[in-house]
Amino acid sequence: MKSLHRKALRDLWHLRGQALAIALVIASGIAMLVMSQATLDSLQETRDRLYQDYRFSDVWAQVKRAPESLAARVAQLPGVDAVETRLIASAKVELADFSDPIEAVVQSLPDQGEPAQNRLYLRSGRMLSPFAHNEVLVSEAFAQAHGLKPGDRLRATVYGRTQWFSIVGMAVSPEYIYQIKPGAMFPDYERYAILWMSRRALEAALDMNGAFNQVVVKLAPGASERDAIDAMDQLLARSGSHGAHGRMNQLSFRFLHEEFRQLATMTRVFPTIFLGVAAFLLNVVFTRLVGTQRDQVAILKAFGYGTRDVALHYGLIVTLICGLGSALGVAGGVWLGTSLAGIYQTYFRFPFLDFSLNLPVVLAGVGVSLLAALIGTGRAVYSAAGEPIAEAMRPPAPEHFHRTVLERLGLARWLSQPTRIILRQIERRPFKALMSVMGLAFAGAIMMMARFQESSINHMVELQYRLSQRHDLSASFIEPAPRRAANELGALPGVRRVEGVRAVPVRLRHENRSVQTSIEGLPPDGQLRRPIDAQLHPVTLPDDGLVLNDYLAARLGVGVGDILWVEVMEGRQATLRLPVAQLVREHVGIRAYMNLDALNRALGDGDLVSGVLMTVDDGAEPAVFRELDRRPRVVGAESRLSAVKALYKSIAQMTGVFMYITVLMGAIINFGVVYNSARIALAERGRELASLRVLGFTQGEVSYILLGELALLVLVSIPLSFAVGYGLSWYLASNLQSDLYRVPVHLPPSAYAFAAITTVISALLSALAVRERIHRLDLIAVLKTRE
């Protein structure tokens with residue numbers, strides 16, 4: 001082994017505390033990158049394989065009723081490769097040991113064999129027997145939520161007809177990977193189910209013998225989805241078509257697409273921030289660390305080593321530290337990525353997981369860290385090597401004395417001598433102080449970002465489910481009913497107030513833009529469902545015209561006073577021209593609102609409602625649910641409080657683990673920055689501090705000089721970390737905008753407090769470690785001259 005190599009290992013052992021702290025900073029940045037990218041790649045590859053292997057459809061079309069013979073005409077349309085018809089219906093489900101209402105989608109399977117499209121992945125049990133009338137398959141998520149197993153029974157009510165069924169198996173479908181109820185923000189597996197039964201059984205329940213109400217299509221390679229949809233709409237219009245749609249408007253696919261898009265944004269933003277902060281800190285730390293060894297650089301040159309040899313010597317030390325950090329980061333990232341992908345697999349209900357590690361991304365993360373460290377090292381080495389050898393071997397010359405600003409202002413008499421030394425040190429080396437403050441600020445900002453996602457989603461939930469929605473229960477009808485149906489429900493025992501509402505599926509068009517959504521008709525004097533403006537005040541719906549949320553208006557390129565073409569996708573499927581009367585700011589969905597009376601007048605099909613909102617007496621919910629369950633017209637009911645609880649449970653599953661990982665890595669970076677700043681400051685000023693001890697300063701005063709400077713820099717960095725954290729959170733939020741929800745920048749006081757407390761704790765722990773070294777200063781060794 002060469003002499004320089006042995007020296008590198010000795011130096012590394014001497015710096016083992018700092019080296020470990022630096023390696024952990026590198027490991028945190030790389031682990032975040034590997035974990036995020038591996039999770040995203042694994043989920044995307046798993047989804048794509050599932051869609052391909054189980055023949056996920058390309059186009060869906062819902063109709064009121066169509067004869068089976070029409071399927072042959074659909075198959076002849078240009079671009080259509082395969083066609084399959086089926087029946088689908090909403091249902092109510094009842095379990096013996098669960099009192100809350102359960103809504104379900106019931107879908108038919110061929111009486112014999114498997115479907116040609118959207119095949120089921122059977123998780124347990126068996127498929128349906130041929131022509132079975134009393135057997136069902138249930139979605140795995142729903143079965144696990146209730147502990148169901150093959151052989152258990154459930155009661156289902158489909159279009160007013162009630163029957164008991166035996167569960168024969170649990171399955172996963174590519175259509176319901178993300179099993180979420182329409183209009184919800186997160187899944188509720190306890191109260192929303194997917195059931196599959198034989199075609200013959202569902203035909204009997206719906207009186208659909210020889211007919212279908214949904215057709216699914218696989219397109220030929222290279223076929224235009226838009227052309228196929230337009231052709232299907234034209235062909236199926238007389239059958240009461242609700243409008244064909246492609247994958248992007250299929251609920252599960254759309255949610256997965258948006259979730260993966262947002263996960264991709266976080267994969268881009270979080271690792272970039274972590275690696276960027278780590279690279280910045282490495283550059284600063286190694287510049288200062290090598291700068292403390294300028295005398296050793298001069299000695300090596302005096303023994304005949306060239307500047308290149310010296311640079312390679314320190315480069316070896318840096319590479320070994322970065323290598324240790326990279327190895328820890330890759331190993332930790334793979335482990336965390338596997339665990340996080342497994343959590344997402346369970347949450348999204350993927351039946352299997354193809355784990356993938358993107359090697360180029362890993363190498364890029366390692367390369368960025370190593371490059372930043374080598375640049376900082378090289379700059380310091382070449383700076384020291386540029387000095388004359390005799391000059392570099394001497395201790396640094398004392399700084400030129402001048403009074404600080406506070407002293408010139410006459411405030412020195414209020415300050416102790418150690419305090420004046422601290423202020424002089426900072427003022428004489430402002431750039432070094434600024435770099436330390438910036439490093440501390442970015443470390444604190446990461447801690448703020450760790451709390452950003454959870455607090456922002458909680459804020460969205462509070463606005464949506466506590467301010468905008470004020471009902472206790474909601475119920476929906478099989479099809480729009482006269483408004484007196486709401487009054488009948490209002491007469492149920494325990495019901496205090498009831499309001500009828502109507503949701504109408506529509507396609508909004510303006511110039512060359514179109515959006516498929518729904519119009520919510522709300523009563524003009526309603527109190528239970530109210531749009532909320534930016535100032536959190538309820539919005540009064542105008543007598544006529546549409547109220548759009550701001551995101552939908554931006555999608556359509558409209559403002560107040562513009563006219564929209566509204567294509568109604570139910571009933572007579574009329575086309576209306578309605579003005580935009582008002583805009584509101586919302587974080588969830590792309591909704592349009594309208595006065596219920598004005599909506600019914602525009603549609604011209606009577607004074608109808610599609611559901612009701614209710615408030616009930618305390619403790620009356622179970623009795624009201626039982627009464628609603630007895631009414632065949634009511635297809636589903638939901639408790640707002642139960643929905644909120646399910647939301648928070650889903651939020652905890654989705655954001656909890658990621659937040660804890662981010663907090664842990666952010667804390668490591670935070671501590672690594674503070675600890676290295678303190679250790680390097682001690683190495684830079686060890687001779688000065690020992691000199692002060694010889695001159696009569698106590699250990700406490702000497703410790704105060706060094707640690708007081710650190711404390712002052714930490715205090716200055718905290719408010720700056722608030723600003724940086726808010727800016728990074730804003731940048732992240734601006735990249736998390738979609739039709740499903742727009743994440744607001746909401747950072748509660750606890751997020752600021754958390755970042756500040758973490759920084760302060762890191763500083764205290766670092767101060768304790770450095771204080772022991774100050775007390776162990778060898779005054780004789782430090783004061784020895786080196787000429």
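These are my notebook entries on a few helices, strands and single residues that I looked up in this structure. The model is a predicted one, and I kept that in mind throughout.

**Entry 1: two helices that cross**

I started with helix 14, which covers residues 430-468, and helix 20, which covers residues 699-734. Their axes come within 5 Å of each other, at an angle of about 45 degrees. Since angles under 35 degrees count as roughly parallel and 65 to 115 as roughly perpendicular, I wanted the right word for this pair. Helix 14 is oblique to helix 20 because of that angle. I also looked up the handedness, and the crossing of helix 14 and helix 20 is right-handed. Then I checked what kind of residues make up the contact of helix 14 with helix 20: 20 are nonpolar, 6 are polar and 2 are charged.

**Entry 2: a serine in helix 20**

Next I picked one residue from helix 20, serine 717. Is serine 717 buried or exposed? Its relative accessibility is just 1%, so serine 717 counts as buried; the cut-off for buried is under 20%. I then looked up what serine 717 touches, skipping neighbours within four places in sequence, and found Val437, Leu440 and Ala441.

**Entry 3: helix 2**

Helix 2 runs over residues 16-53, which is 38 residues. How far does helix 2 reach from its first C-alpha to its last? I got 52 Å, close to the 56 Å expected at 1.5 Å a residue. Helix 2 is mostly covered, with 28 of its 38 residues buried. After helix 2 comes arginine 55, and its phi is positive, near 50 degrees.

**Entry 4: two more positive phi values**

I went on to aspartate 207, whose phi is positive too, near 55 degrees, and this residue is not a glycine. Where is aspartate 207? I found it in the loop between helix 5 (199-206) and strand 10 (211-219). With a relative accessibility of 58%, aspartate 207 counts as exposed, the cut-off being over 50%.

Glutamate 511 went on my list as well: it isn't a glycine, yet its phi is positive, about 55 degrees. Its place is the loop that joins strand 13 (495-510) and strand 14 (513-522). Glutamate 511 has 74% relative accessibility, so I wrote it down as exposed.

**Entry 5: an alanine in strand 1**

Strand 1 spans residues 59-67, and alanine 66 is in it. Alanine 66 counts as buried because its relative accessibility is 1%. Which residues does alanine 66 touch, not counting those up to four places away in sequence? My list reads Gly210, Ala211, Phe212 and Ser239. I also checked a distance here: alanine 66 and asparagine 213 are 147 residues apart along the chain, but their C-alpha atoms are separated by 6.3 Å.

**Entry 6: a phenylalanine in strand 4**

My last stop was phenylalanine 98, in strand 4 (residues 98-109). Its relative accessible area is 17%, so phenylalanine 98 is buried. Leaving out residues up to four places away in sequence, I found phenylalanine 98 touching His146, Glu190 and Arg191. For histidine 146 I noted the spacing as well: from C-alpha to C-alpha, phenylalanine 98 and histidine 146 are 8.4 Å apart in space, with their positions 48 residues apart in sequence counted as the separation.

Technical notes. Residues numbered from 1 in each chain as written. Predicted model: local features only at pLDDT ≥ 70, side-chain atom pairs only at ≥ 80, totals over all residues. Heavy atoms only, no water. Axes fitted to C-alpha atoms, helices over the stretch in contact; angles between N-to-C directions. Helix = DSSP H or I, 4+ residues; strand = E, 2+ residues; numbered from the N terminus. Parallel < 35°, antiparallel > 145°, perpendicular 65-115°, else oblique. Left-handed = near helix turned anticlockwise from the far one by under 90°. Nonpolar A, V, L, I, M, F, W, Y, C, P; charged D, E, K, R; others polar. Buried < 20%, exposed > 50% of the residue type's maximum accessible area, 1.4 Å probe, protein only. Contact = heavy atoms within 4.5 Å. Expected span 1.5 Å × (residues − 1).
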